[in-house]
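Trainee: I have never read a protein model before. Please walk me through this one, one feature at a time.

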Amino acid sequence: ASIVSAEMDESSLLEALKAQAVATRSFLAAGARHPDFDFCDSTHCQFLKSPPPSNSRVSNAVQATRGLVIQYRGRPLATLYSSRCGGHTRSLSDVHLDPGDGYPYYSVPCRWCQQHPFVWRSRIGNSGHAPNSYDETRRIAEVRQWGWSAIPSSDFTATQDGSGWQLEGHSVGHGIGMCQHGAAGMANSGAGFREILNHYYPNTTLVSEP
């Protein structure tokens, strides 16, 4: 519940929070992401804050989906998600990441983001090369230099202005897996959490673990 309340707006509809709760639980069930400890409290793993009240919407979502995890090929999937996909989620290959034999994160349309477009603009200085859109590894490296707010997603256009680069993007985050704003939109349109998860994580199964 602490992670769900940190990762998604607590005022979101219950079905969207349920989808987030399952995604969060699945991510943790898939195992540690660091060699010397399990998880960090950052965008690399998942954010964390104080637990919400036991009667809160978030706590109800966690309890209603208790034990449910997403699996791919019989194993828990470390489910990725982002804030806004910009109208279409991305596969790992879309952002120049190699899925190997793991889940490829299929690219799916997001009607909510299509109907409610979002635009961000920023400016960064010259770094010896043009900012590279749709390359998540390069974006993370550039973010370390310019800050998260300067390049909030890997979906942007870059225009050189002589002393730097003007950036304009339409998504927030890597755009892989569940779009949180899209999930909220689907819930607002009457979709249940299972439908939301099936949409953003196709070819996976939802199972109950003891």
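Mentor: Let's begin with a single residue: G74 sits in the loop between β1 and β2. Element names such as these come from DSSP runs, numbered from the N terminus: helices are H or I runs of at least four residues, and strands are E runs of at least two. This is a predicted model, in which local features need pLDDT of at least 70 and side-chain atom pairs count only at pLDDT 80 or more, while totals for chains, interfaces and linings use all residues. Residues are numbered from 1 along each chain as its sequence is written, and side-chain values use heavy atoms, with hydrogens and water left out.

Trainee: Is G74 buried or exposed?

Mentor: We judge that by relative accessible area: under 20% is buried, over 50% is exposed and anything in between is partly exposed (1.4 Å probe, protein chains only). G74 has 56% relative accessibility, so G74 counts as exposed. R73 lies in that loop between β1 and β2 too, and at 64% R73 is exposed as well.

Trainee: What is special about the phi of R73?

Mentor: Most residues other than glycine have a negative phi. R73 has a positive value, near 55°, although R73 is not a glycine. H96, another non-glycine, has a positive phi of about 65°, and H96 is found in the loop between β3 (81-82) and α4 (111-115). There are glycine cases too: G190, which follows α6, has a positive phi near 105°.

Trainee: How do I read a sheet?

Mentor: Strands of a sheet pair through backbone hydrogen bonds, either parallel or antiparallel. Here, two strands pair if DSSP finds at least two bridges between them. One open sheet has three strands in the order β2-β1-β8, paired antiparallel. β2 (75-76) and β8 (205-208) are the edge strands, each with a single partner, so one side of each has no neighbour in the sheet. Between β1 and β8 there are four bridges, and V69 has V207 in β8 as its bridge partner.

Trainee: Which other strands pair with β6?

Mentor: β4 (residues 120-125) pairs with β6 (residues 164-169) in the antiparallel sense, over six bridges; there, R121 is matched with E168. β5 (residues 156-160) also pairs with β6 in the antiparallel sense, over five bridges, and T159 stands opposite Q166. The hairpin of β5 and β6 has three residues between its strands, and G162 takes a positive phi near 100° there.

Trainee: How can a helix have a buried face?

Mentor: An α-helix has 3.6 residues a turn, so residues three or four places apart point the same way. Look at α3, where V58, S59, A61 and V62 are buried. Viewed down the axis of α3, the buried residues fall within an arc of 160°, so they line one face of the helix. That arc is taken from the directions from the helix axis to the C-beta atoms.

Trainee: What about the buried interior?

Mentor: A nonpolar core is a set of buried Ala, Val, Leu, Ile, Met, Phe, Trp, Tyr and Cys residues joined through side-chain atoms within 4.5 Å. The largest one here has 37 residues, and those with the most contacts inside it are L77, Y105, M178, I196, L197, Y200 and Y201. Among the elements that each supply at least two of its residues are α2 (14-29), α3 (57-64) and α7 (193-200). α2 gives the largest share, seven residues. A second, separate core of eight residues includes I124, F156, W165 and L167.

Trainee: Which residues does I196 touch, apart from its close neighbours in sequence?

Mentor: Contact means heavy atoms within 4.5 Å. Beyond four places in sequence, the contacts of I196 are E15, A16, A19, M178, A183, M186, A187 and A191. Of these, A183, M186 and A187 are among the buried residues of α6.

Trainee: How do I recognise aromatic pairs?

Mentor: Rings of Phe, Tyr and Trp (its six-membered ring) pair if their centres lie within 6.5 Å; planes under 30 degrees apart are stacked, over 60 edge-to-face, and the rest tilted. By this rule there are five aromatic pairs. The ring centres of Y103 and Y105 are 4.8 Å apart with planes at 75°, so this pair is edge-to-face. Y103 is buried, at 4% relative accessible area, and Y105 is buried at 4% too. Ring pairs join Y72, Y103, Y105, Y106 and Y201 into a cluster.
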